[in-house]
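Student: Hey, I've just opened this one and don't know where to start. Can you walk me through it?
Tutor: Sure, let's have a look together.
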Amino acid sequence: MSYFDVFAFQIYPYIAMAVFFVGSLVRYDHSMYTWRSGSSQILSNRGMRLGSNLFHVGILMVLGGHIVGLLTPHSVYTLFISQEHKQLLAMVVGGFFGFLCLIGMLILLWRHLFNPRIRATDNWRNVLLLVLLLAQLLLGLYSIVQSSHHLDGSVMTLLADWAQRIATFRGGAAELISGVHWVYKAHIILGLTLFLVTPFTRLVHIWSIPLEYLWRPYQVVRRRQPGLRYGPRS
Ligand code: HEM
Ligand code: HEM
């Protein structure tokens, strides 16, 4: 195994995650008013709703699949589904939502590059972030082509074992995946790099998932009734 593999798949994950957690905390503490998703909807509505919705639905479903797929122990998921079927599920569901995400991402990128109102207020970090996400998505989609060459799920199991060893601070993670196709390796390195850059970009908004929305109190909406007086009484 090369030194590069040891660094990239055993040491770099912890550097990226440490910068992600500590960097986000420091940014929140020191410059809370820069904490935003940076919506450009107020500048132009064109393509915004479609682009942003396709992009977000796609990426949230893909990432949800990653968490369940990579971190569920082998002994637990085999109670419900075989290794081969899990591989197929990841390819089909991940491929479908990845494709939705791709369309949304291209619409968003098009807005950034060609909409004059957005270009005028944009900064290079916003565009770079979208380009990095696009590259990551294309690598992910290309990995489906590679996975179709080994439908027994053997490589998927190696990748999941790698993620579980890293998440539980165990050694021996890098050697598990040192022999896999370059596309998986590039996808993991770029994915970790996205964690690394998060505190320095608008991606910090992923911390601000409005979960309280799910159990907020009802809003009372009353219909305006003719003849009913509103405002202060005279
Ligand atoms: C439930 C979680 C999330 C919520 C509530 C959310 C919300 C938002 C909002 C309100 C915006 C501003 C644009 C708009 O109005 O649509 C935005 C933009 C953005 N979000 Fe999210 N987001 C979430 C998760 C994510 C994730 C997981 C990623 C990627 C890993 C992401 C990447 C982006 C990017 C790149 C933009 C900028 C889009 C552009 O360039 O116009 N978001 N998000
Ligand atoms: C640290 C972050 C990430 C890691 C470690 C990671 C890891 C992986 C791995 C190991 C696979 C192959 C799964 C298999 O064939 O069994 C995969 C597939 C894929 N990834 Fe990621 N990924 C990350 C982030 C992302 C992000 C941010 C995106 C979207 C922009 C993405 C999109 C995809 C897609 C579309 C696939 C193929 C379909 C699927 O298996 O879900 N990944 N990823």
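Student: Let's start with ligand 1. Which helices each supply at least two residues of the shell around it?
Tutor: Those are helix 2, helix 4 and helix 6. Keep in mind that this is a predicted model.

Student: Which of the helices gives the largest share of that shell around ligand 1?
Tutor: Helix 2 does, with five residues.

Student: And how many residues surround ligand 1 in total?
Tutor: There are 21, and the closest are Ser 37, Ser 39, Ser 52, Leu 108 and Ile 209.

Student: What's the mix by class around ligand 1?
Tutor: The shell has 11 nonpolar residues, nine polar ones and one charged.

Student: OK, on to ligand 2. How many residues surround that one, and which are the closest?
Tutor: Ligand 2 has 25 residues around it, and Gly 94, Gly 98, Gly 140, Met 156 and Gly 191 are the closest.

Student: Where do the residues around ligand 2 come from?
Tutor: Five helices each supply at least two of them: helix 2 (48–71), helix 4 (83–114), helix 6 (124–147), helix 7 (154–167) and helix 9 (182–197). The largest share is from helix 6, which gives eight residues.

Student: How many charged residues are in the shell of ligand 2?
Tutor: None. By class, the shell of ligand 2 has 14 nonpolar and 11 polar residues, with no charged ones.

Student: Let me zoom out. What does the secondary structure of the whole chain come to?
Tutor: Nine helices and zero strands. From the N terminus on, the elements simply read α-α-α-α-α-α-α-α-α.

Student: Is the chain spread out or compact?
Tutor: The radius of gyration is 22 Å, well over the 17 Å that the globule rule gives for 234 residues, so the protein chain is more spread out than a compact globule. Along the principal axes, its C-alpha atoms fill a box of roughly 85 × 40 × 35 Å.

Student: Now the packing. How do people describe two packed helices?
Tutor: By the angle between their axes and the distance between the axes.

Student: Then what are those values for helix 4 and helix 6?
Tutor: Their axes come within 9 Å and cross at roughly 155°. Helix 4 and helix 6 are therefore roughly antiparallel to each other. The crossing of helix 4 with helix 6 is left-handed.

Student: Which residues meet there?
Tutor: On helix 4 they include Gly 94, Gly 98, Leu 102 and Leu 109, and on helix 6 they include Leu 130, Leu 137, Gly 140 and Ile 144. By class, that contact of helix 4 with helix 6 has 13 nonpolar, eight polar and no charged residues.

Student: What about helix 2 and helix 4, at what angle do they pack?
Tutor: About 145°, and the axes of helix 2 and helix 4 are 7 Å apart. The crossing of this pair is left-handed. Their contact has 16 nonpolar, nine polar and one charged residues.

Student: One more pair: how do helix 6 and helix 9 pack?
Tutor: The angle is about 150°, with the axes of helix 6 and helix 9 9 Å apart. That makes helix 6 roughly antiparallel to helix 9. Residues making the contact include Leu 132, Leu 139 and Gly 140 of helix 6, along with Tyr 184, His 187 and Gly 191 of helix 9.

Student: And the classes in that contact of helix 6 with helix 9?
Tutor: Nine nonpolar, six polar and no charged.

Conventions: Residues are numbered from 1 along each chain as its sequence is written. Chains are lettered from A and ligands numbered from 1 in the order in which they are written. This is a predicted model: local features need pLDDT of at least 70, side-chain atom pairs count only at pLDDT 80 or more; totals for chains, interfaces and linings use all residues. A residue is near a molecule or strand if its C-beta atom, placed from the backbone, lies within 6 Å of it. Helices (H or I, at least four residues) and strands (E, at least two) are DSSP runs, numbered from the N terminus. Ala, Val, Leu, Ile, Met, Phe, Trp, Tyr, Cys and Pro count as nonpolar, Asp, Glu, Lys and Arg as charged, and the others, Gly among them, as polar. Axes are lines fitted to C-alpha atoms, for helices over the stretch in contact, and angles run from 0 to 180 degrees between N-to-C directions. Angles under 35 degrees count as roughly parallel, over 145 as roughly antiparallel, 65 to 115 as roughly perpendicular and the rest as oblique. A crossing is left-handed if the near helix is turned anticlockwise from the far one by less than a right angle, and right-handed if clockwise. Two residues are in contact if their C-beta atoms, placed from the backbone, lie within 7 Å. The radius of gyration is taken over C-alpha atoms; the globule rule is 2.2 Å times the number of residues to the power 0.38.
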